[in-house]
Amino acid sequence: MNALVPRDRLRGIDRTLRAVAVGALLLLAARLLQDVLLLIFAAILVACVLHGAADWLHRRLGLPTGLWLCVVIVAITLLVGGGFWLQGPRVTAQAATVADTVSQQVQHIWQTVQDNPLIQRLMPQIKAKAGSVLSSLSSMVPGMASSTIGVGGDLVVILATGIFLAASPSTYVGGFLRLLPPTWRPRGHEVMEGLGNTLQLWFLGQLADMIVVAVLTGTGLFFLGVPLALTLALIAGLFNFVPYIGALAGAVPALAVAVAHSPQTAWYVAVLFAMVQTLEGNVIAPLIQKRTVDLPPALTILSQTVLGALFGIMGLILATPLTAATTVAVRMIYVESVLENNDDGQPARTT
């Protein structure tokens with residue numbers, strides 16, 4: 001009996017070292033292929049949303065899921081295209097006006113702080129730093145143009161891949177499960193279903209949250225008499241796709257426009273955004289999260305900070321759904337299947 005103890009320990013050490021080596025290789029591959037992996041995850045998110053909508057219609061109304069998928073894609077295309085055709089030029093012009101107003105307010109603030117003695121003493125260093133930044137930006141213009149084209153290409157890849165994944169999810173899920181040992185495949189299928197449901201629920205919750213924020217913000221700005229209320233509400237709602245950080249960024253254009261209108265209106269707008277975000281964070285979001293996905297605020301902010309620093313704007317946008325999926329994967333694969341498994345190897349079921 002005693003002779004078996006060292007052997008068991010050696011096996012445990014061997015399994016640990018293998019797990020560490022595999023984890024290190026996966027992290028290295030993720031670092032080298034970070035852009036591709038983010039595109040794949042974005043396509044999977046699109047596929048989960050499209051297939052979830054088509055499957056919901058199939059269960060409610062019958063008819064094949066593929067037919068409903070075509071209906072959903074056509075409906076989204078008509079909705080976006082029709083909205084842009086009807087309000088696109090107006091919203092685009094108003095968005096340009098908002099950008100000009102923000103730029104003017106920044107210049108006004110800069111001219112105001114120039115009279116500060118501390119700023120005057122630091123003026124040579126500020127001018128030197130500004131000059132270096134401007135020269136860097138000038139050299140980046142060709143790269144920014146190609147980057148814009150690259151973003152358009154990435155969007156096409158994401159949408160096309162997401163549609164193909166949504167059209168035949170069983171093909172790709174089955175192919176992935178065949179890479180697992182036969183005894184792991186039933187649990188692997190459960191994990192894949194759990195991840196898909198999580199991404200669908202997260203998107204539904206975030207979409208509802210964005211709509212509520214846009215409606216409340218637009219209504220408040222309209223009654224306050226703030227110009228460009230519709231465009232500012234759309235900006236606030238779209239920015240709210242990125243929780244917490246997006247809410248702060250969405251308030252900046254509205255405050256800039258309000259300051260140009262009148263300082264007193266700017267105070268009212270600041271109070272409006274504070275009230276909307278307080279209501280959203282303490283009442284609306286908890287009600288939505290009860291039926292969708294509940295993520296701790298600290299974990300959400302940390303994931304946005306880390307993924308934004310590592311992967312840029314794409315990492316910031318996808319930080320929350322990626323964190324939600326990772327949380328579910330860790331719970332189902334490690335906590336339930338490893339830490340809380342029964343003697344028969346199946347995860348423990350809590351009541």
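Helices (H or I, at least four residues) and strands (E, at least two) are DSSP runs, numbered from the N terminus. The model is predicted: local features need pLDDT of at least 70, side-chain atom pairs count only at pLDDT 80 or more, and totals for chains, interfaces and linings use all residues. Residues are numbered from 1 along each chain as its sequence is written, and side-chain values use heavy atoms, without hydrogens and water.

The second largest pocket was examined for its lining. A pocket is an open set of points on a 1 Å grid over the protein atoms alone, with protein on both sides within 12 Å along at least five of seven lines; lining residues have an atom within 4 Å of a point. The volume, about 490 Å³ here, is the space filled by probe spheres set on the points, which are joined across faces, edges and corners. The elements that give two or more residues to this lining are helix 6 (185-224), helix 8 (245-261), helix 9 (263-289) and helix 10 (297-311). Helix 9 gives the most, with 6 residues. In total, 23 residues line the second largest pocket. Pro 243, Tyr 244, Glu 280, Ala 285 and Gln 289 lie nearest its centre. The lining divides into 11 nonpolar, 9 polar and 3 charged residues. Here Ala, Val, Leu, Ile, Met, Phe, Trp, Tyr, Cys and Pro count as nonpolar, Asp, Glu, Lys and Arg as charged, and the others, Gly among them, as polar.

The structure holds 2 aromatic pairs (rings of Phe, Tyr and Trp, the last by its six-membered ring, with centres within 6.5 Å; planes under 30 degrees apart are stacked, over 60 edge-to-face, the rest tilted). One of them joins Trp 202 and Phe 241 edge-to-face, at 5.4 Å centre to centre and 80° between the planes. This pair links distant parts of the chain. Trp 202 is in helix 6, while Phe 241 is in the loop between helix 7 (229-239) and helix 8, 39 residues apart.

The whole structure has 4 salt bridges (a side-chain nitrogen of Lys or Arg within 4 Å of a carboxyl oxygen of Asp or Glu). Asp 55 forms one with Arg 59, the closest N and O atoms being 3.0 Å apart. Both residues lie in helix 2, 4 residues apart, about one turn of the helix.

Leu 63 lies in the loop between helix 2 and helix 3 (65-113). Leu 63 has a positive phi of about 65°, although it is not a glycine. Most residues other than glycine have a negative phi.

Note on methods: On a 1 Å grid over the protein atoms alone, a cavity is a set of points where a 1.4 Å probe fits but cannot get out, and a pocket is an open set with protein on both sides within 12 Å along at least five of seven lines; lining residues have an atom within 4 Å of a point.
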